[in-house]
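Work through the exercises below with the sequence and the structure open. Each task is followed by a solution in steps.

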Amino acid sequence: MKTILITGTTKGIGKKLFSLCKRKGYNTLALNRPKFDLKNPNYTLPRIYKNINTIVLNAGTFSRDSLREFSFKLSRGILETNLIGNMLLVHKLVTEKRLAFEPLIVFILTEDLLRHPSLLQEEYTYAISKKGLEYFATLLENSLVSRIRKVYLPLVDTQMLDYSLPITGEILSAEQAAEIIMEVINGTDLPSYRPI
Ligand SMILES: NC(=O)c1ccc[n+]([C@@H]2O[C@H](COP(=O)([O-])OP(=O)(O)OC[C@H]3O[C@@H](n4cnc5c(N)ncnc54)[C@H](OP(=O)(O)O)[C@@H]3O)[C@@H](O)[C@H]2O)c1
C-alpha cells in the first residue's frame with residue numbers, strides 16, 4: 001500500500017489532496033505548522049517516516065511582491081518557504097536515508113508565469129522561488145537520487161489566489177488540482193504534468 005506524505009494540508013489544495021488520498025485508502029501522513037515549518041530548519045521527522053514511498057511537496061506561500069514596493073523580509077520568507085525549506089526537507093528525507101524505499105517526489109509548481117506578464121510584474125519572488133524549485137527537481141532527476149514528478153498547475157481558487165491581481169485565464173478548483181496531483185501520483189510513465 002502507498003504511504004503518502006503531504007506538506008501543507010491545513011487548507012487549499014493540500015487539504016483536498018489529503019482527503020482524496022484517505023478516500024482512496026492510502027496511508028496518508030501530513031506535515032503542518034506549527035510543528036513543521038518550512039522556514040525553521042530545526043524540526044525533526046518521526047521514525048515512521050522511513051516507510052514513506054510518495055512525498056508531495058505541496059506547502060508554499062505567495063505574497064504580492066512587486067519591485068515597486070520591494071520588501072527584503074517578505075521576499076526572504078517566500079524563498080525560505082518555497083525553495084530552501086523544500087530543499088532541506090528533501091535532504092532530511094532522502095539524503096539522510098531515512099526512507100526504506102526510493103520515494104516518488106511530487107513537486108507542485110506553477111505554470112509559466114511569463115504567460116501572464118501583468119501578473120508576473122506583481123510577484124517576482126514567488127515566480128523565482130518556483131523556478132528555483134523546478135530547477136532543484138531537475139537536478140535531483142538528473143542525479144537519479146529519486147523518482148521525480150513535476151506538476152505545473154494553472155491558477156487555483158484557494159486562499160493563495162489574490163483576486164486584486166490582474167488575473168486572466170483558466171482557474172481550477174482546489175478539488176480539480178488535487179485530482180490532477182492524484183493522477184500524477186498514480187501515473188507510471190508521466191515525467192511531468194502540464195495541464196495547458
Ligand atoms: N493557488 C494557486 O493559484 C496555485 C497555482 C499554482 C501552484 N500553486 C501551489 O500549490 C501549493 C498549494 O497552494 P494553495 O493554493 O493550496 O495555497 P494555500 O491555500 O495558501 O495553502 C498553503 C499550505 O501551505 C502551508 N504553508 C505555508 N507556509 C508554510 C511554511 N512556512 N511551513 C509549512 N507549511 C506552510 C499552509 O499552512 P498554514 O495554514 O499554516 O498557513 C497551507 O497548508 C503551493 O505550493 C502553491 O505554490 C498554487
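**Exercise 1. Confidence**

Task: find which element of the protein has the lowest mean pLDDT and which has the highest.

Solution. The model is predicted. Strand 8 (residues 192-193) has the lowest mean pLDDT among the elements, 58, while helix 1 has the highest, 98. For the protein, the mean pLDDT is 88, and 92% of its residues reach 70 or more. Where pLDDT is low, the predicted coordinates should not be read in detail.

**Exercise 2. Fold and overall dimensions**

Task: state how many helices and strands the protein has, give their pattern along the sequence, and decide whether the radius of gyration agrees with that of a compact globule.

Solution. Step one is the count: there are five helices and eight strands. Step two is the pattern, which reads β-α-β-β-α-β-α-α-β-β-β-α-β along the sequence. Step three is the radius of gyration. A compact globule with 196 residues would have a value near 16 Å, and the protein has 16 Å, so the two agree. The C-alpha trace spans about 50 × 35 × 30 Å along its principal axes. Buried residues account for 34% of the 196 residues. Among contacts between residues at least 6 apart in sequence, 71% join residues at least 24 apart.

**Exercise 3. The shell around the ligand**

Task: say which residues come nearest to the ligand, which elements each supply at least two residues of the shell, and how the shell divides by residue class.

Solution. Start with the residues: 26 lie around the ligand, and the nearest are Gly8, Thr10, Gly12, Gly60 and Thr158. Next, the elements: helix 1 (12-23), strand 4 (104-110) and strand 6 (155-157) each supply at least two shell residues. Helix 1 gives the most, with three residues. Finally, the classes: the shell holds 10 nonpolar, 12 polar and four charged residues.

**Exercise 4. Helix 2**

Task: locate the kink in helix 2, list the buried residues of this helix, and name elements that cover them.

Solution. Helix 2 runs over residues 72-95 and has a kink of about 45 degrees centred on Glu80. Its buried residues are Ile78, Thr81, Asn82, Leu83, Gly85, Asn86, Leu89, Val90 and Leu93. For the spacing in such a list, recall that an α-helix has 3.6 residues a turn, so residues three or four places apart point the same way. The cover over the buried residues of helix 2 includes strand 3 (54-57), strand 4 and helix 4 (124-143).

**Exercise 5. Three loop residues**

Task: place Ser66, Pro34 and Gly25 in their loops, and classify Ser66 and Gly25 as buried, partly exposed or exposed.

Solution. Ser66 lies in the loop between strand 3 and helix 2. Ser66 has 14 other C-beta atoms within 10 Å and is therefore partly exposed. Leaving aside neighbours within four places in sequence, Ser66 is in contact with Gln121 and Glu122. Thr54 is 12 residues from Ser66 along the chain, and their C-alpha atoms are separated by 35 Å.

Pro34 is in the loop between strand 2 (27-31) and strand 3. Arg33 and Pro34 are joined by a cis peptide bond, with omega about 5 degrees.

Gly25 sits in the loop between helix 1 and strand 2. Gly25 counts as exposed because it has 9 C-beta neighbours inside 10 Å. Gly25 and Gly132 are 107 residues apart in sequence, and their C-alpha atoms are 33 Å apart in space.

Technical notes
Residues numbered from 1 in each chain as written. Predicted model: local features only at pLDDT ≥ 70, side-chain atom pairs only at ≥ 80, totals over all residues. Near = placed C-beta within 6 Å. Helix = DSSP H or I, 4+ residues; strand = E, 2+ residues; numbered from the N terminus. Nonpolar A, V, L, I, M, F, W, Y, C, P; charged D, E, K, R; others polar. Rg over C-alpha atoms; globule rule 2.2 N^0.38 Å. Buried ≥ 20, exposed ≤ 12 C-beta atoms within 10 Å, placed from the backbone. Contact = placed C-beta atoms within 7 Å. Bend = angle between axes of the 7 residues up to and from the residue. pLDDT = per-residue confidence, 0-100.
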